[in-house]
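Student: Please give me a close look at the nonpolar core here. A little context on the whole chain would help me too.

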Amino acid sequence: IHTHMYPPAYVQLLESRKSIPLIRRFAGAKDPRYIILPAEAEALDKISEDASASTLPGRPVTSHYSSLGQKLHFMDTHKIDISVISLANPWLDFVPSEEAGETAKSVNQEFSKMCAEAPGRLYFFATLPLTAPPETLLASIGHIKGLKYCRGVILGTSGLGKGLDDPALVPVFR
């Protein structure tokens with residue numbers, strides 16, 4: 001089964017942001033909310049102190065998205081032997097070029113560590129720093145080749161900004 005998770009470094013990155021995508025915590029809400037759409041961001045300014053969880057913008061980020069223990073419990077409950085985990089949209093597409101390489105490395109290493117804690121049960125698709133300079137992007141591919149539990153990469157349809165048929169992606173595909 002392919003499923004999405006958000007390792008701690010990714011959650012911290014989203015919690016530190018002031019523009020979408022971002023994660024925000026709200027008084028009275030059990031789980032933080034993942035805000036990725038412009039209309040959701042606009043709603044942030046209009047939230048009252050007594051807002052209920054059902055009227056908050058975004059989607060809840062439950063521990064199922066970030067806790068290895070919760071992921072394994074879910075798998076056991078539903079008789080899932082193996083899961084391949086990855087980031088979900090928007091991956092790292094919003095990360096500034098100069099930070100993208102280190103961010104990708106951190107996320108991929110955290111995924112690899114999660115998988116090592118559940119050997120044979122979890123594998124992952126790496127995330128690539130598509131906003132980084134070409135040499136950083138190719139170095140990232142070199143890095144993930146050495147991660148034991150990596151089984152591929154996950155790409156958004158925008159590729160490097162010009163779609164997946166962009167000739168600039170050929171070195172990445174190679």
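Tutor: Happy to! Lys and Arg count as positive and Asp and Glu as negative, leaving out His and the chain ends, with each charge placed at NZ of Lys, CZ of Arg, CG of Asp or CD of Glu. On that basis the protein chain carries 18 positive and 18 negative side chains, and the centres of the two sets are 6 Å apart. This is a predicted model, where local features need pLDDT of at least 70 and side-chain atom pairs pLDDT 80 or more, while totals for chains, interfaces and linings use all residues. Residues are numbered from 1 along each chain as its sequence is written, and side-chain values use heavy atoms, without hydrogens or water.

The protein chain has six helices and seven strands (DSSP runs of H or I, at least four residues, and of E, at least two, numbered from the N terminus). From the N terminus their order is β-α-β-β-α-β-α-β-α-β-α-β-α. Of its 174 residues, 43% are buried (under 20% relative accessible area, 1.4 Å probe, protein chains only).

Now to the core. The largest nonpolar core (buried Ala, Val, Leu, Ile, Met, Phe, Trp, Tyr and Cys joined through side-chain atoms within 4.5 Å) holds 44 residues, and Tyr 6, Tyr 10, Ile 85, Leu 87, Phe 111, Leu 122 and Phe 124 touch the most other members. Elements giving two or more residues to this core include helix H1 (8–16), strand E5 (83–86), helix H4 (97–116) and strand E6 (122–127). H4 supplies the largest share, six residues. Beyond four places in sequence, Tyr 6 has contacts (heavy atoms within 4.5 Å) that include Val 11, Tyr 34, Val 61, Tyr 65 and Leu 87.

How values were computed:
Buried means under 20% relative accessible area, exposed over 50%, partly exposed in between (1.4 Å probe, protein chains only).
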